[in-house]
Amino acid sequence: MRRPRRLRKNNSIRSLVRETRLSMKDFVYPIFVVEGEKIKREIKSMPGVYHFSIDKLKEEVEEIVNCGIKSIMIFGVTKDKDWCASSGFKDDGIVQRAIREIKKVNKELVIITDVCMCEYTDHGHCGIIDNNGYVDNDKSLKFLSKIALSHAIAGADMVAPSDMMDGRVRAIRETLDKNGYVNVGIMAYSAKYASNFYGPFREAAESAPSFGDRKTYQMDSSNYKEAMLECEYDIQEGADIIMIKPALSYLDVIKGASEIFDVPLAAYNVSGEYSMLKLAVKKGLLKEDVIYESIMSIKRAGANIIITYFAKDMAKYIDRY
Ligand code: PBG
């Protein structure tokens, strides 16, 4: 008789035959940076995730590094908003200052920055709005490139455009190269769906659109083939890493992209995916191990890199040595 249960007899045997393994090196931990001083404030919609002012980053970075996390992604939150997101590309902007502070504290930690306009525009959309309220693709490229370049100048290792404008990867690559930042990488949010799972993040980043939605630029949740096209275009345009976002409702897309493309594949386990599990665990509805199980599903589907607010929680589950 075939007896698959032999290999499930005890934990040592189970761990010997485990097909997929998670490591702290798989994770990118997002951080929200705010204006002000001495601020470490829990984000209401995301229990266990905080807003940090720049002076509090040192402590936080030390904690992150102690957990074994090697990479972070920075998001800036500011009240300084206008039509063209100018606070997103100024030298003393919130993200630019955060990058310099973190590099001062720790040179090894990989800094990836989210490049988008929604945190910095007064209307909360991810690009420039034309007279009809439509997000103008080609006008937005110039501003996105400025944001990316300013992050590179401040010391970012990699920029991650999340706006979903067509042609942004090429525009950003050209701008970085022209200015001598040939070694700053691009992690492209290639297949980013117009998802309801971003709700808690928009509260955290104060980036919800003041009118309409993001469906004219982010992808329709029913489309798989289009996601493969988006990945292909981004690779042609110069993306070093492609990304699928969200992760848990799009595991089929992750699987597909991992089989088709040879560049590293990231998946973003987004705010809504985080908060629903976190709250269910807090309420005692689910065991905490549900976190490990769901992060494992993202890796099993084929993601090489997982951007997750659970990165610190994962330290508990991982044999680091
Ligand atoms: C910015 C951006 C968003 C997220 C990452 N970058 C929000 C959005 O597109 O509305 C979502 C992240 C999350 O939900 O955790 N455009």
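Is aspartate 163 buried or exposed? Aspartate 163 is buried, at a relative accessible area of 0%. Keep in mind as we go that this is a predicted model.

Let's stay with that aspartate for a moment, since it has a charged partner. The side chain of aspartate 163 meets that of arginine 168 in a salt bridge, 3.3 Å from N to O. Arginine 168 is itself buried, with a relative accessible area of 2%. The arginine also pairs with aspartate 234, and here the closest N and O atoms are 3.5 Å apart. That second pair links distant parts of the chain: arginine 168 sits in helix H5 (residues 168-178) and aspartate 234 in helix H7, 66 residues apart. As for aspartate 234, a relative accessible area of 3% counts as buried because the cut-off is under 20%.

Now for a pair with another kind of setting. Glutamate 206 forms a salt bridge with lysine 79, and the closest N and O atoms are 2.9 Å apart. The glutamate lies in the loop between helix H6 (199-205) and helix H7 (225-237), while the lysine lies in the loop between strand E4 (71-77) and helix H3 (94-105), so this bridge ties together parts that are 127 residues apart in sequence. What about accessibility here? Lysine 79 counts as exposed, at 67% relative accessibility. Glutamate 206 is partly exposed, with a relative accessible area of 32%.

Salt bridges can also join up into something bigger than a pair. Lys278, Glu288, Asp313 and Lys316 are linked in a network of them. Counted by the same rule, the model has 20 salt bridges.

Let's turn from charges to the nonpolar side of things. The largest nonpolar core has 110 residues, and the members that touch the most others are Phe32, Met73 and Met187. Helix H4 (residues 137-154) gives the most to this core, with 8 residues.

Which residues is methionine 187 in contact with, leaving aside its neighbours within four places in sequence? Met73, another of those core members that touch the most others, is on the list. So are two further methionines, Met158 and Met243. The isoleucines in contact with methionine 187 are Ile112, Ile241, Ile305 and Ile307. Val159, Ala160, Pro161 and Ala266 complete the set.

Definitions and conventions. Residues are numbered from 1 along each chain as its sequence is written. This is a predicted model: local features need pLDDT of at least 70, side-chain atom pairs count only at pLDDT 80 or more; totals for chains, interfaces and linings use all residues. Side-chain values use heavy atoms; hydrogens and water are left out. A nonpolar core is a set of buried Ala, Val, Leu, Ile, Met, Phe, Trp, Tyr and Cys residues joined through side-chain atoms within 4.5 Å. Buried means under 20% relative accessible area, exposed over 50%, partly exposed in between (1.4 Å probe, protein chains only). Helices (H or I, at least four residues) and strands (E, at least two) are DSSP runs, numbered from the N terminus. Contact means heavy atoms within 4.5 Å. A salt bridge is a side-chain nitrogen of Lys or Arg within 4 Å of a carboxyl oxygen of Asp or Glu.
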